[in-house]
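Got your viewer open and a hand free for selecting residues? Let's walk through this one stop by stop.

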Amino acid sequence: MWQFKQLEELSAKELHSILRERTKVFVVEQGAAFQEVDDVDLQATHLVKRCKDTINAYCRIYYKDKKIWLGRVLVPEHSRGIGNGRELLKVALNYISVRYPKREVQIQAEAYLKDFYESFGFEIISDIYYDENIAHYDMLLKVKEPLTLTEV
């Protein structure tokens, strides 16, 4: 089941499970030593797919610099390879199109996921760079104008 919640709407147990999974993926699995819990969490919408008490996919959505950002996009190891990542992006982008119409969406994508994000229309807008020794690209999903009658 998909949930969209602000920080203050999350129960202590829900917040704990989100932070546990984020730490497991970004700090332990990827070996990155960075401030996992930050002030973005205070203003972000937390999108979570759960089955009972298990997180199957997660990201946070927030507004910054006149763009909407997707961050901390993750699918835990036990939920990979069965379409949860693709479903997560579809649900997140649908939410953004309704909640923040005509806003560009930016993401700091791990380089190995470039093709995945490009399949949703994201374009690379930076050179490759390394954050915590992991190759990344900044990618942008530009605002698309509605189709004209001649294009339909």
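**Stop 1: the cysteines**

There are zero disulfides here, and keep in mind as you click around that this is a predicted model. Why no bond between cysteine 51 and cysteine 59? Select both and look at the sulfurs: the cysteine 51 sulfur has its closest cysteine partner in cysteine 59, and 19 Å is too far for a bond. For a disulfide, the two sulfurs would have to be within 2.5 Å. Their surroundings are worth a look too. Cysteine 51 is partly exposed, at 45% relative accessibility, whereas cysteine 59 is buried, at 1%.

**Stop 2: the salt-bridge network**

Next, show the charged side chains. The structure has 11 salt bridges. Begin with arginine 60 and aspartate 38, which form a salt bridge with their closest N and O atoms 2.8 Å apart. Arginine 60 belongs to strand β3 (residues 54-64) while aspartate 38 is in the loop between α1 (12-29) and α2 (40-43), so this pair ties together parts that are 22 residues apart in sequence. Buried or partly exposed: which is arginine 60? Arginine 60 is buried, at 2% relative accessibility; aspartate 38 is partly exposed, at 23%.

Stay on aspartate 38 and add arginine 72 to the selection. These two also form a salt bridge, with 3.3 Å between the closest N and O atoms. Here the link runs from the loop between α1 and α2 to strand β4 (residues 67-74), where arginine 72 sits, and the two residues are 34 apart. Arginine 72 counts as buried, at 17% relative accessibility.

Now for a pair inside one helix: pick lysine 114 and glutamate 118. They form a salt bridge, the closest N and O atoms being 3.3 Å apart. Both are in helix α4 (residues 114-118), four residues apart, and that separates them by about one helical turn. Lysine 114 is partly exposed at 23% relative accessible area, and glutamate 118 is partly exposed at 33%. Then select Arg22, Asp38, Asp41, Arg60 and Arg72 together: salt bridges with shared partners join them into one network.

**Stop 3: the rings**

Switch to the aromatics. Searching the whole structure turns up five aromatic pairs. In one of them, the rings of phenylalanine 116 and tyrosine 117 have centres 5.1 Å apart and planes at 75°, so this pair is edge-to-face. Tyrosine 117 also pairs edge-to-face with phenylalanine 122, at 5.8 Å centre to centre and 80° between the planes. As for exposure, phenylalanine 116 is partly exposed, at 21% relative accessibility, while tyrosine 117 is buried at 4% and phenylalanine 122 is buried at 2%. Add Phe120 to the view and you have the cluster: ring pairs link Phe116, Tyr117, Phe120 and Phe122.

While rings are displayed, jump to tryptophan 69. The charged end of lysine 64 sits over the tryptophan 69 ring, 4.8 Å from the ring centre.

**Stop 4: helix α3**

Last selection: residues 84-99, helix α3. This helix has 16 residues and spans 22 Å from its first C-alpha to its last, close to the 22 Å expected at 1.5 Å a residue. Which α3 residues are buried? Colour Asn84, Leu88, Leu89, Val91, Ala92, Leu93, Tyr95 and Ile96, and you have them.

Technical notes:
Residues are numbered from 1 along each chain as its sequence is written. This is a predicted model: local features need pLDDT of at least 70, side-chain atom pairs count only at pLDDT 80 or more; totals for chains, interfaces and linings use all residues. Side-chain values use heavy atoms; hydrogens and water are left out. Buried means under 20% relative accessible area, exposed over 50%, partly exposed in between (1.4 Å probe, protein chains only). The expected span of a helix is 1.5 Å times one less than its number of residues. Rings of Phe, Tyr and Trp (its six-membered ring) pair if their centres lie within 6.5 Å; planes under 30 degrees apart count as stacked, over 60 as edge-to-face and the rest as tilted. A charge sits over a ring if NZ of Lys or CZ of Arg is within 6 Å of the ring centre and within 35 degrees of the ring normal. A salt bridge is a side-chain nitrogen of Lys or Arg within 4 Å of a carboxyl oxygen of Asp or Glu.
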